[in-house]
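Good morning, everyone, and thank you for coming. Please take a moment with the sequence and the model on the screen, and then I will walk you through them.

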Amino acid sequence: MRRKRPIPLSLFYLKYFSYIFVGMVLLAAVLLLSFTALASGDLFYLANEGQKQAESAQAAIREADRVTAVLIPELCGYAVFDLNGHVTQGTLDPGAARRAWNALQSGQPSAGSDYYTVIQRPGEYCVLQYRIIPQYKSPALRKHLMPPQSLLLLLGAAGTLLIVTAVAVRFGRAFRKRLAPLTAAVNKIRQQDLEFAVSESGIREIDEILQSMDQMRLALKSALEQQWQLEQAKSRQMSALAHDLKTPLTIVRGNAELLLESELPEAQEKNAAYIENSALQMQNYVQTLIEVTRSWQGYQIHRQRGSARLLFQQIEQQVRGLCAVHRVSLEWSCCCGDRQLSVDRDLFTRAVINVAANAVEHTPPGGSVQVWVTEEGDWLSLVILDAGKGFSREALRHATEQFFMDDASRNSKTHFGIGLYAANSIIHEHGGRLTLENAPDPGGGRVTICIPFS
């Protein structure tokens, strides 16, 4: 099938402009024919009828003994002036009579839209006033309707408005139809559906845009495919790394258990317990990393209902061990009572430890990390405050984003910008919220975790 050659947008506009032009010509022809037909009938007089009546009445008025209303033509008004310009009789109001006398004095046959015929009589003047416009033959129509030419203009304006409106509606529908391929392409790309073929509109400029969008679609599709392949490769690498970490962690944990089975001084036994708990925690992290890399759905929440107080006692032990390693003191206050909390205990613990580790990392040796656990109605609130310099403006906006590292000096093998991101994701999955702010006094960074009891 032969493809139609696209037309320029200007020609598309010109087509509908020609519709308006043709419609206006036809409207003018119809109005003119209608006016001519009515004028030839008994509805109204032609424009010069008033002048004709005035000229026909001149002789009778000039020869009459006295000017009376019977002598005045139907379409004329009149005024009789004495030689000094005083009105002795007539139908003109004072203003119109003054204009008529001025026209008489100046010899001008008209003033504005009014025309005059002056008839000189013995000792006086009779001035007939008329207008050169079409007028109805019926006095009632002349009194209650607008003049025929005004009615004609009104009908012309209404017809013009009707033509322009009809053409505009037709143009809108046609242009919308031509834009349909462009709209469809935009909607497909917005929905990330890149498997479609771009059609043509028949208008050159729109087709050029469609061609550009098709090129953009292909480039975007290629970029997304490359990104997906990179994500898959990264996921496989992370999964392989996680599997590789499981073996040394198992060895560390096993040796820690062997140490705990032997006779150790109290301090060493305590340190060995920290090693065992930390190794177990790291194994859980590795297992979670494996789960995340295998699924696009992120964390899989397995809730367990239990005592909030007992849960935070276990978390406190881990945080104290973390603080001891970094020579940081811990101020812990837990006022959550015996209420039941429904959470994934491992993931929730991991989130709190991540936040606590971030606080410990930013607290200088000898400083203090403060933790408050309180009840606020149906919500549990956990506040962790460090003794560091606080969050930067950038960190307050982006610290919970994956791989965000505010300080370039921390770009090391032990920090990858996933601690607060992981904590925020876990808390969000539990229906809670994590907020970052700077404490006004003493000025460290403050992280607040709120999670519902139910």
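Before anything else, I would like to settle how directions are compared here: axes are lines fitted to C-alpha atoms, for helices over the stretch in contact, and angles run from 0 to 180 degrees between N-to-C directions. Two further terms go with that one, namely contact, meaning heavy atoms within 4.5 Å, and the helices (H or I, at least four residues) and strands (E, at least two), which are DSSP runs numbered from the N terminus. Please keep in mind that this is a predicted model, in which local features need pLDDT of at least 70 and side-chain atom pairs count only at pLDDT 80 or more, while totals for chains, interfaces and linings use all residues. Residues are numbered from 1 along each chain as its sequence is written, and side-chain values use heavy atoms, with hydrogens and water left out.

Let me begin with the whole chain. Its secondary structure comes to 11 helices and 14 strands. The radius of gyration, taken over C-alpha atoms, is 49 Å, well over the 22 Å that the globule rule gives for 454 residues, so the chain is more spread out than a compact globule; that rule is 2.2 Å times the number of residues to the power 0.38. Along the principal axes, the C-alpha trace spans about 155 × 65 × 40 Å. Of the 454 residues, 35% count as buried, where buried means under 20% relative accessible area, exposed over 50%, and partly exposed in between, using a 1.4 Å probe and protein chains only.

Now to the sheets, where two strands are said to pair if DSSP finds at least two bridges between them. One open sheet has 5 strands in the order β3-β2-β6-β5-β4, with antiparallel pairing, and its edge strands are β3 (87-90) and β4 (110-111), each of which pairs on one side only. Within this sheet, β2 and β3 form a hairpin with 4 residues between them, and G85 in the turn has a positive phi of about 90 degrees. These two strands pair over 3 bridges, and V80 stands opposite Q89 in β3. Strands β5 (residues 114-121) and β6 (residues 124-130) are antiparallel partners over 7 bridges, with I119 placed opposite C126 in β6. Two helices lie across this sheet: α2 (residues 49-63) crosses β5 and β6 at about 10 degrees to β5, whereas α3 (residues 94-106) lies across β2 (77-82), β3, β5 and β6 at about 65 degrees to β5.

There is also an open sheet of 5 strands in the order β9-β11-β12-β14-β13, and here the pairing is mixed. Its edges are β9 (329-335) and β13 (433-438), each with a single partner strand, so one side of each is left without a neighbour in the sheet. The twist averages 15 degrees from one strand to the next. Strand β12 (residues 379-385) runs antiparallel to β14 (residues 445-452), joined by 7 bridges, and I384 stands opposite V447 in β14. Helix α9 lies across β11 (368-376), β12, β13 and β14 at about 25 degrees to β12, while helix α11 (residues 419-429) lies across β13 and β14 at about 135 degrees to β13.

What, then, is the size of the largest nonpolar core? A nonpolar core is a set of buried Ala, Val, Leu, Ile, Met, Phe, Trp, Tyr and Cys residues joined through side-chain atoms within 4.5 Å, and the largest one has 41 residues, those with the most contacts inside it being F312, I315, F348, L380 and I384. Helix α9 (residues 345-361) gives the most to this core, with 9 residues. Apart from it lies another core, of 18 residues, among them A185, L194, I206 and L210.

I will finish with the cysteines and one leucine. The structure holds 0 disulfides, a disulfide being a pair of cysteine sulfur atoms within 2.5 Å. The sulfur of C336 is 3.2 Å from the closest cysteine sulfur, in C334, which is too far for a bond, and C336 counts as buried at 1% relative accessibility. By contrast, L32, in helix α1 (residues 9-39), is exposed, with a relative accessible area of 54%.
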